[in-house]
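This report describes one protein structure by its cysteines, charged side chains and a few residue pairs. The sequence and the model are shown first.

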Amino acid sequence: MRLNLSVQYACARDRCPPREDVKRWVRAALDPDVVARADLTVRFVDAEEGQALNLEYRGRDYATNVLSFPYEQGAHLAGDLVVCQPVLAREAVEQGKAFADHAAHLIVHGTLHLQGWDHETSDDDADAMEAEERVILQGLGVADPYSDDYSIQSTEV
């Protein structure tokens with residue numbers, strides 16, 4: 001599989017995961033049985049840009065953690081992920097998660113959305129997406145983000 005990945009830092013870069021980690025997380029979430037080529041952008045933004053994009057594209061007037069913008073799906077996957085760094089950081093603290101673990105989860109979650117996964121259509125779809133996330137994150141050494149017993153126990157990230 002060929003991955004063309006652009007990582008953009010439209011906020012304080014030192015408070016965002018490095019490109020190498022983002023690439024590893026994206027690659028882990030891509031389905032090589034379906035995707036032959038992926039042209040993706042991951043953009044880290046501040047709360048103002050995150051809120052503006054969420055309002056414009058989802059009609060919700062607050063900054064959310066990750067937004068997915070798929071342009072092509074299938075053998076050629078193209079799309080953008082927008083991660084709001086302040087929301088990512090706040091959620092990691094509130095949920096007692098390592099920053100890198102939570103960042104990995106959001107990138108995996110968003111990359112699955114780009115491939116057509118959807119957790120808002122039904123409980124069954126949500127369960128299937130969460131199960132897929134757990135498998136991918138386990139392969140990255142990230143603890144189950146949905147577990148009530150989550151504790152900071154990352155082995156790789």
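The sections below deal in turn with cysteines, salt bridges, a charged surface patch and distances along and across the chain. The model is predicted.

**Cysteines**

A disulfide is a covalent bond between the sulfur atoms of two cysteines. The count of disulfides in this model is zero. Cys16 shows the reason: its sulfur is 3.6 Å from the closest cysteine sulfur, which belongs to Cys11, and this is too far for a bond. The cut-off for a disulfide is a pair of cysteine sulfur atoms within 2.5 Å, and the separation of 3.6 Å between Cys16 and Cys11 does not meet that cut-off, so no disulfide is assigned to Cys16. Cys84 is in no disulfide either, the nearest cysteine sulfur, again that of Cys11, being 7.8 Å away.

Are Cys16 and Cys84 buried or exposed? Cys16 is buried, with a relative accessible area of 10%. Cys84 is also buried, and its relative accessible area is 1%. Both values fall under the 20% limit for a buried residue.

Cys16 can also be placed with respect to helix 4, which covers residues 99-114 and contains Ala100. Along the chain, Ala100 and Cys16 are 84 residues apart, while their C-alpha atoms are separated by 8.9 Å. Ala100 has a relative accessible area of 22% and counts as partly exposed; Cys16, at 10%, counts as buried.

**Salt bridges**

How many salt bridges does the model contain? The count comes to five. Three of the pairs are described here, with the distance between the closest N and O atoms and the relative accessibility of each partner.

| Basic residue | Acidic residue | N to O distance |
|---|---|---|
| Arg37 (35%, partly exposed) | Asp39 (17%, buried) | 2.9 Å |
| Arg43 (27%, partly exposed) | Glu49 (24%, partly exposed) | 2.8 Å |
| Arg90 (44%, partly exposed) | Glu94 (58%, exposed) | 3.2 Å |

In the pair formed by Arg37 and Asp39, the arginine is partly exposed at 35%, whereas the aspartate is buried at 17%. In the pair formed by Arg43 and Glu49, the arginine is partly exposed at 27%, and the glutamate is partly exposed at 24%.

The pair formed by Glu94 and Arg90 lies within one element. Both residues belong to helix 3 (residues 85-94), where they are four residues apart, about one turn of the helix. Glu94 has a relative accessibility of 58%, over the 50% limit, and therefore counts as exposed. Arg90, at 44%, counts as partly exposed.

**A negative surface patch**

Which residues form the negative surface patch? Its members are Asp123, Asp124, Asp125 and Asp127. One of them, Asp125, is located in helix 5, which runs over residues 123-139. Asp125 has a relative accessibility of 33% and counts as partly exposed.

Helix 5 also holds Glu133. Glu133 counts as buried, with a relative accessibility of 0%. This acidic residue thus contrasts with Asp125, which is partly exposed at 33%. Glu133 and Pro145 are twelve residues apart in sequence, and the distance between their C-alpha atoms is 8.8 Å.

**Further distances**

Two other pairs add to the picture of the fold. Ala78 is in strand 4, which spans residues 76-84, and with 11% relative accessibility Ala78 counts as buried. How far apart in space are Ala78 and Lys97, C-alpha to C-alpha? The distance is 30 Å, for a separation of 19 residues in sequence.

The second pair involves the segment after helix 5, where Ser147 is found. Ser147 is partly exposed, at 28% relative accessibility. Ser147 and Val22 are 125 residues apart along the chain, and their C-alpha atoms are separated by 23 Å.

Conventions
Residues numbered from 1 in each chain as written. Predicted model: local features only at pLDDT ≥ 70, side-chain atom pairs only at ≥ 80, totals over all residues. Heavy atoms only, no water. Patch = residues over 30% accessible without salt bridge, like charges linked within 9 Å, V, L, I, M, F, W, Y side chains within 5 Å. Areas by Shrake-Rupley, 256 points an atom, 1.4 Å probe, with all protein chains shown as cover. Salt bridge = Lys/Arg side-chain N within 4 Å of Asp/Glu carboxyl O. Lys, Arg positive; Asp, Glu negative; His and termini not counted. Charge placed at Lys NZ, Arg CZ, Asp CG, Glu CD. Helix = DSSP H or I, 4+ residues; strand = E, 2+ residues; numbered from the N terminus. Buried < 20%, exposed > 50% of the residue type's maximum accessible area, 1.4 Å probe, protein only.
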